[in-house]
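Hi,

Here's the structure I promised to pass on. Have a look at it first, and my notes follow underneath.

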Amino acid sequence: MNAPLRVGLAGLGTVGASVVRLIERQREALAARCGRAIEVVAVSARSRAKPRDADVGKLRWVADPVALAADGGIDVFVELMGGEGDPAKSAVEAALNAGKSVITANKALLARHGVALAALAERQHVALNFEAAVAGGIPIVKTLREGLVGNKLARIYGILNGTCNYILTKMEQEKLAFADCLKEAQRLGYAEADPTFDIEGHDTAQKLSILASLAFGTRVDPDAIYVEGISSITPADLDAADELGYRIKLLGVAVATDKGIEQRVHPTMVPKDSAIAQVMGVVNAVTVDADAVHAITLVGPGAGGMATASAVVSDIGDIARGVRTPPFGQPSARLAVSEKAPMQRHEGGYYIRLTAVDRPGTFATIAARLSEQQISLESIVQRHRGGRPQGGADPGGAEPVPVILITYATTEDAVRKALAAVERERVILGAPQVIRIEKN
Ligand SMILES: NC(=O)c1ccc[n+]([C@@H]2O[C@H](COP(=O)([O-])OP(=O)(O)OC[C@H]3O[C@@H](n4cnc5c(N)ncnc54)[C@H](OP(=O)(O)O)[C@@H]3O)[C@@H](O)[C@H]2O)c1
């Protein structure tokens, strides 16, 4: 048997402690599968005194994670502290500069500095592995980097934030308002005290930027992504989606178009019979459309200590076996510059919910403004009256009438122009709700 692989681990929180436990629990199987034992030999965190969910008492303590990263007594450095800045960034750089392979679960660091860190790893002929950074326990990075290497990818999309999927599922199933479901998610520990990063789509965007790079060979760039969150979704939208044969999910979508790679995060109507629509609760899922395999959907836990540790240990196993691939699937110098998705040119079907004033000519006016933009309608549903919408009452005193329109494929630009024209006509109350439809 070869010498054990000596692991230095910085961060002993939810994921770090689980990694220590999982390596201990799978000690023999890992040694057999990787051809050498894997041993955590040194650890670092902020507080030495804090009780841990793993037996770390006998492990060497290194107070400074950057010093641990370059420590001569470790072969590989595992960064599980989080954050796009220091000490995570300096520690990862220190390990790579010292010629050690690095494993990280840190999507924020990779989204911001992934290309530079990948270039450094390549120069040093070491690995930079990050399976746990996207969709937790789902092995999507390896699937893209290795499993689908013989395919040309057309599109990758997924539910990459369990908090948002939990909220949308609960809103749909229990017909509750967004704010109530968010509170429940916070009570259960699924949502942070400040949930903005999750519910406004930024967490999904960071993960999508990594997936898009792996799928399409672009430079990781979260600023190239159009981002919209779920806070404007109402039970009325979920009800209407249900009646029309859809569910609403927060998706991260990267798709190859003739104008480049479109990358976007927004609430999306997906057909109820699609694989992604079946994914309920705090679960993640990723669908890949590729020419040889057609569609593959991977579903599983996107977070949680042990599930995420599973991905980290898989990366450690690769290093123990001597497997090394360029971090983003191809040399970083070959990665193409991402351009910001021109959402105005996005093409697809649209769900539009309007609150129309009940006066003669209203529908004709709406239809005319849509028609001027060459928008054809697949369906029009006039809902029962009631419930005054945001935006106040009709000055003419008539009851508002909720109207739902589903368009055939059109462009974002056409939809926005048509709705601006409808608003100018004063035949609707409040702002229109617009949700893009993603076909399977
Ligand atoms: N939790 C998940 O389900 C999950 C899923 C996928 C990816 N991830 C990623 O995994 C990473 C770790 O997440 P986590 O949930 O395990 O976080 P966590 O529970 O907050 O743990 C963070 C750990 O890092 C240590 N740490 C933080 N700042 C430090 C500093 N300045 N110097 C030294 N140590 C420091 C903390 O030390 P103390 O304990 O002493 O404070 C703690 O042990 C993050 O990048 C996260 O995005 C997490």
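Before the ligand notes, one cut-off: a residue is near a molecule if one of its heavy atoms lies within 4 Å of it. Also keep in mind that this is a predicted model.

With that cut-off, 22 residues surround the ligand, and the closest are L12, V15, S47, R52 and G304. Sorted by class, that shell has ten nonpolar, eight polar and four charged residues. As for where the ligand sits, it's in the largest pocket.

You'll probably want the polar contacts too. Each of these involves the backbone on the protein side and an oxygen atom on the ligand side:

- G304: a polar backbone atom is 2.7 Å from an oxygen atom of the ligand.
- T14: a backbone N or O atom lies 2.9 Å from a ligand oxygen.
- R46: here a backbone N or O atom is 3.0 Å from an oxygen of the ligand.

On its own the ligand has 900 Å² of accessible area, and the protein covers 77% of that.

Now the fold. There's an open sheet of six strands, paired in parallel, in the order β3-β2-β1-β4-β5-β6. The edges are β3 (60-61) and β6 (128-129); each has a single partner strand, so one side of each is left without a neighbour in the sheet. At the β3 end, two bridges join it to strand β2 (residues 38-44), and the two run parallel. In one of the pairings there, A42 has R60 of β3 as its bridge partner.

That's what I have for now. Shout if anything is unclear.

Cheers

How values were computed. Residues are numbered from 1 along each chain as its sequence is written. This is a predicted model: local features need pLDDT of at least 70, side-chain atom pairs count only at pLDDT 80 or more; totals for chains, interfaces and linings use all residues. Side-chain values use heavy atoms; hydrogens and water are left out. Two strands pair if DSSP finds at least two bridges between them. Helices (H or I, at least four residues) and strands (E, at least two) are DSSP runs, numbered from the N terminus. A polar contact is a pair of N or O atoms within 3.5 Å; within protein, one must be able to donate a hydrogen and the other to accept it, and residues adjacent in sequence count only if both atoms are side-chain atoms. Accessible areas come from the Shrake-Rupley method with a 1.4 Å probe; for residues, only the protein chains shown count as cover. On a 1 Å grid over the protein atoms alone, a cavity is a set of points where a 1.4 Å probe fits but cannot get out, and a pocket is an open set with protein on both sides within 12 Å along at least five of seven lines; lining residues have an atom within 4 Å of a point. A molecule sits in a cavity or pocket if more than half of its atoms lie within 2 Å of its grid points. Ala, Val, Leu, Ile, Met, Phe, Trp, Tyr, Cys and Pro count as nonpolar, Asp, Glu, Lys and Arg as charged, and the others, Gly among them, as polar.
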